[in-house]
Each structure stands twice: as structure tokens, then as C-alpha cells.
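Biologist: I would like to go through this model with you. Please set each label against its cut-off.

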Amino acid sequence: MKPIEAKFDEATDGSSPIMPGTYPAHVTALTTREFDSGSTVFNMTFKIAEEVSNVDIQKQQKNGNGVWEPVLDEKGQPIEINASYMGGKTFYANGVWLTPKPEKGEGWKNRKYLEAFSNLGIDFPRDDKGVVSLAQVEDDDVLGRPALIRLSEQEYQNRNGETKTSFKVDNIMPWADGKRLSADELDDDVPF
């Protein structure tokens, strides 16, 4: 082997993996699927916003077993890095269900639907007793809406029965300072 000047230190030169955490994002897609039961599942796609440059996260490196762990400084404290590298990445949210005619005592089935879309800024009408009248959201209602999303690593089985992991949005929270993006701002794939 011929020696050269180049060096590689995983702690400083390693890749920056996707990390669980809470990030600012915008809704970029909404798909729905209705089932014979009358229930509909709503699946959203989120794109991490450029404002992620204001977020710091712990630097990670792979240990000898291929598991990510925090990089520590000389005092044993985790090193923080800017999360701007996460900007523009897209993630799918766990689906939320709408059950238009729940059985008596099963109205709780629509709680996640109400919470998810209310946290995106959708206002459902309430009567004078505080009872919410739900409505079925559509693309125009949610596309471009801002949210703080929590990413978590989740296991699933692929077609071959192998256990795999992927990062998904498991919680949608209000982003008070977030601005809704227009359709033009969402469509950033400019052909050249």
C-alpha cells in the first residue's frame, strides 16, 4: 500500500445521520384511502424546512457494532452540530384515521385526526357546548402548512420478512412562527 497524506476521523469527518428529534417542516403531500368500513386514512408527507438551520442536535458516530452513539468532547460532553443538513429531506407521517360514523362510545377514534389537523392550523367548527363538527380535509386545506414534526425510528417487516427500520413522523405539533408555503414554493423542482 502506498502511503498518502489523507486522514479520516469518524468523530469529525463521519456522515451526519438522520436523527430522532423535533424539526420544523411543511406538508408537501396528502394521500387518502377509504375503506369499506367508511373510515378513511390520511397520510401526509413533510419536508424539513430551511429554518432547521436554527436547530442544534448531538453529533453521532457509529460504534464497532454499527450503532449510532453521541460523539463526546474531551470533557465527556456530547458535541452538538447544526441540523441544517436535514433541510429539504422528506418524511412520511403515520396515517391518521377519520371514522365518519363511529359506534356509540367510540368517538375517541377521531381524536388523532382532530389533533393532527388542528395542530396544522385547521379550524373545525364548534358549537356553544364545545362539540367539534369534523370535516374531511383536502389537499388545498393542508398543503404548505407549517408544523413541528417529531421523527422517530420505527421497525417494519419488508416483503421478504426481514426487519428493517425507517424514520417516520410520529407526532405533529403547532409551529407558532411557521409560515404557510404557496404552491410555487412547494414545487421547487425547477426543470433546466
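Biologist: How many helices and strands does the protein have?

Modeller: The protein has four helices and ten strands. Helices (H or I, at least four residues) and strands (E, at least two) are DSSP runs, numbered from the N terminus. The pattern along the sequence is α-β-β-β-β-β-β-β-β-α-α-β-β-α. This is a predicted model, where local features need pLDDT of at least 70, side-chain atom pairs count only at pLDDT 80 or more, and totals for chains, interfaces and linings use all residues. Residues are numbered from 1 along each chain as its sequence is written, and side-chain values use heavy atoms, with hydrogens and water left out.

Biologist: How does the radius of gyration of the protein stand against a compact globule of 192 residues?

Modeller: The protein has 21 Å, whereas such a globule would be near 16 Å. The radius is taken over C-alpha atoms, and the globule rule is 2.2 Å times the number of residues to the power 0.38. The C-alpha trace spans about 75 × 45 × 40 Å along its principal axes.

Biologist: Why is threonine 45 called buried?

Modeller: Its relative accessibility is 13%. Buried means under 20% relative accessible area, exposed over 50%, partly exposed in between (1.4 Å probe, protein chains only). So threonine 45 counts as buried. Its place is in strand 2, where eight of nine residues are buried. Of the 192 residues of the protein, 28% count as buried.

Biologist: What is threonine 45 in contact with, leaving aside its neighbours within four places in sequence?

Modeller: Contact means heavy atoms within 4.5 Å. Threonine 45 is in contact with His26, Val27, Thr28, Ala29, Thr90, Phe91 and Tyr92. Tyrosine 92, in strand 7, also stands opposite threonine 45.

Biologist: Why is glutamate 138 called exposed?

Modeller: Its relative accessible area is 56%, so glutamate 138 is exposed. The residue sits in the loop between helix 2 and helix 3. Its C-alpha atom is separated by 9.0 Å from that of threonine 32, 106 residues apart along the chain.

Biologist: And what makes lysine 62 partly exposed?

Modeller: Its relative accessible area is 44%, so lysine 62 counts as partly exposed. Lysine 62 belongs to strand 4 (residues 60-62).

Biologist: How do you know that strand 1 and strand 2 pair?

Modeller: Two strands pair if DSSP finds at least two bridges between them. Nine bridges join strand 1 to strand 2, and the two run antiparallel. So the pairing criterion is met. Within this pair, leucine 30 stands opposite methionine 44, and threonine 31 opposite asparagine 43. The two strands form a hairpin with five residues between them. Glycine 38 in the turn has a positive phi of about 95°.

Biologist: Which way do strand 1 and strand 9 run, and how many bridges join them?

Modeller: They run antiparallel, and six bridges join strand 1 (residues 21-34) to strand 9 (residues 146-157). Alanine 25 has alanine 147 as its bridge partner in strand 9.

Biologist: How many bridges join strand 2 to strand 8?

Modeller: Three bridges join them, and the strands run antiparallel. Threonine 40 stands opposite leucine 98 in strand 8. Three bridges also join strand 2 to strand 7 (residues 90-92), again antiparallel.

Biologist: Why is the pair of phenylalanine 42 and phenylalanine 117 called edge-to-face?

Modeller: A search of the whole structure finds five aromatic pairs. In this one, the centres are 5.9 Å apart, with 80° between the planes. Rings of Phe, Tyr and Trp (its six-membered ring) pair if their centres lie within 6.5 Å; planes under 30 degrees apart count as stacked, over 60 as edge-to-face and the rest as tilted. So both cut-offs are met. Phenylalanine 42 lies in strand 2 (residues 40-48) and phenylalanine 117 in helix 2 (residues 111-119), 75 residues apart. Both are buried.

Biologist: What makes the pair of tyrosine 113 and phenylalanine 124 tilted?

Modeller: Their ring centres are 6.0 Å apart and their planes at 40°, so the pair is tilted. Ring pairs link Phe42, Tyr113, Phe117 and Phe124 into a cluster.

Biologist: Which residues have the most contacts inside the largest nonpolar core?

Modeller: They are Tyr23, Phe46, Phe117, Leu120 and Val137, in a core of 31 residues. A nonpolar core is a set of buried Ala, Val, Leu, Ile, Met, Phe, Trp, Tyr and Cys residues joined through side-chain atoms within 4.5 Å.
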